[in-house]
Amino acid sequence: MVFQRQILRAAPRVAAQLRAPAVRSTVQRRFASTEPAKTGNKFIDERAAVKAHAAGTAELWRKISIYVAIPACILAAANAYVLWNEHWEHWEHMPPLEERVEYAYQNIRTKNFPWGNGDKTAFWNDSVNYHNKDK
């Protein structure tokens, strides 16, 4: 009974495979001319013109992406690197964190944070942030 059901389910698939051409999938390559000939059909000619325009526009944006956008990103990264180094050179001339003035509006704690020792925020950086609990 089960075997008969499997045969009945597979029959349409087998029939479709028998009717299909032997090797006509991705193996076969079809060539087209580079410039479509005028067919006289206005719709087909307009579609061919749109397709040619789309190919040209796509090539333009590919060139813009490669020759403009990528170098611009590289220059922006170099600029960010230089500014980053200048920023840390400025920090080297400042007094140590323990000697800096701690103002009343900095590090306000009404209750402890639920992580760590309760004193450090979620974005705490020990090389930049300092909080003296005694003050």
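**Exercise 1. Place glutamine 106 and histidine 131 in this predicted model, and work out how exposed glutamine 106 is.**

Step 1. Start with location: glutamine 106 sits in the segment after H2. Histidine 131 belongs to the segment after H2 as well.

Step 2. Now the spacing. Glutamine 106 and histidine 131 are 25 residues apart along the chain, and their C-alpha atoms are separated by 8.6 Å.

Step 3. Glutamine 106 has a relative accessibility of 32%, so it counts as partly exposed.

**Exercise 2. Is histidine 131 buried or exposed, and which residues is it in contact with?**

Step 1. Take the cut-off: buried means under 20% relative accessible area. Histidine 131 comes in at 17%, so it counts as buried.

Step 2. Put that beside the chain as a whole, where 5% of the 135 residues count as buried.

Step 3. List the contacts, skipping neighbours within four places in sequence: Glu102, Asn107, Arg109, Asp119 and Trp124 touch histidine 131.

Step 4. Pick out aspartate 119 from that list. Its C-alpha atom and that of histidine 131 are separated by 8.1 Å, with the two positions 12 residues apart along the chain counted as their spacing.

**Exercise 3. Find what tryptophan 91 touches beyond residues up to four places away in sequence.**

Step 1. Locate the residue: tryptophan 91 is part of helix H2, which covers residues 42-92. The chain has 2 helices and 0 strands.

Step 2. Read off the partners. Tryptophan 91 is in contact with Leu97, Arg100, Ser127 and Val128.

Step 3. Check one of them, valine 128. It is 37 residues from tryptophan 91 along the chain, with the C-alpha atoms 9.1 Å apart.

Step 4. For the chain-wide picture, take the contacts with a separation of 6 or more: 34% of them join residues 24 or more positions apart.

**Exercise 4. How many aromatic pairs are there, and what geometry does the pair of tyrosine 103 and tyrosine 105 have?**

Step 1. The count comes to 3 aromatic pairs.

Step 2. For tyrosine 103 and tyrosine 105, the ring centres are 5.8 Å apart and the planes meet at 5°, so this pair is stacked. The cut-off that matters here is that planes under 30 degrees apart count as stacked.

Step 3. Look at how open the two rings' residues are. Tyrosine 103 is partly exposed at 44% relative accessible area, while tyrosine 105, at 61%, counts as exposed.

Step 4. Try another pair: phenylalanine 113 and tryptophan 115 are stacked too, at 5.2 Å centre to centre with 15° between the planes. Phenylalanine 113 has 25% relative accessibility and counts as partly exposed. Tryptophan 115 is also partly exposed, with 39%.

**Exercise 5. Which side chains meet in a salt bridge, and what is the N to O distance?**

Step 1. Count first: there's 1 salt bridge.

Step 2. Name the partners. Glutamate 59 and arginine 62 bring their side chains together at 2.8 Å, N to O.

Step 3. Map the pair onto the helix: both residues lie in H2, 3 residues apart, which is about one turn of the helix.

Step 4. Check exposure. Glutamate 59 is partly exposed at 32% relative accessibility, and arginine 62 is partly exposed at 43%.

**Exercise 6. Which residues form the nonpolar patch on the surface that includes isoleucine 70, and how much accessible area do they have together?**

Step 1. Collect the members: Ile66, Tyr67, Val68, Ile70 and Ile74.

Step 2. Together these residues have about 520 Å² of accessible area.

Step 3. Zoom in on isoleucine 70, which is found in helix H2. With a relative accessible area of 47%, isoleucine 70 is partly exposed. Patch members need over 30% relative accessible area, so isoleucine 70 clears that cut-off.

Step 4. Set the patch beside the whole surface. The chain's accessible surface comes to about 12,700 Å², and 61% of that belongs to carbon and sulfur atoms.

Terms used
Residues numbered from 1 in each chain as written. Predicted model: local features only at pLDDT ≥ 70, side-chain atom pairs only at ≥ 80, totals over all residues. Heavy atoms only, no water. Helix = DSSP H or I, 4+ residues; strand = E, 2+ residues; numbered from the N terminus. Buried < 20%, exposed > 50% of the residue type's maximum accessible area, 1.4 Å probe, protein only. Contact = heavy atoms within 4.5 Å. Areas by Shrake-Rupley, 256 points an atom, 1.4 Å probe, with all protein chains shown as cover. Phe/Tyr/Trp six-rings, centres within 6.5 Å; stacked < 30°, edge-to-face > 60°. Patch = residues over 30% accessible without salt bridge, like charges linked within 9 Å, V, L, I, M, F, W, Y side chains within 5 Å. Salt bridge = Lys/Arg side-chain N within 4 Å of Asp/Glu carboxyl O.
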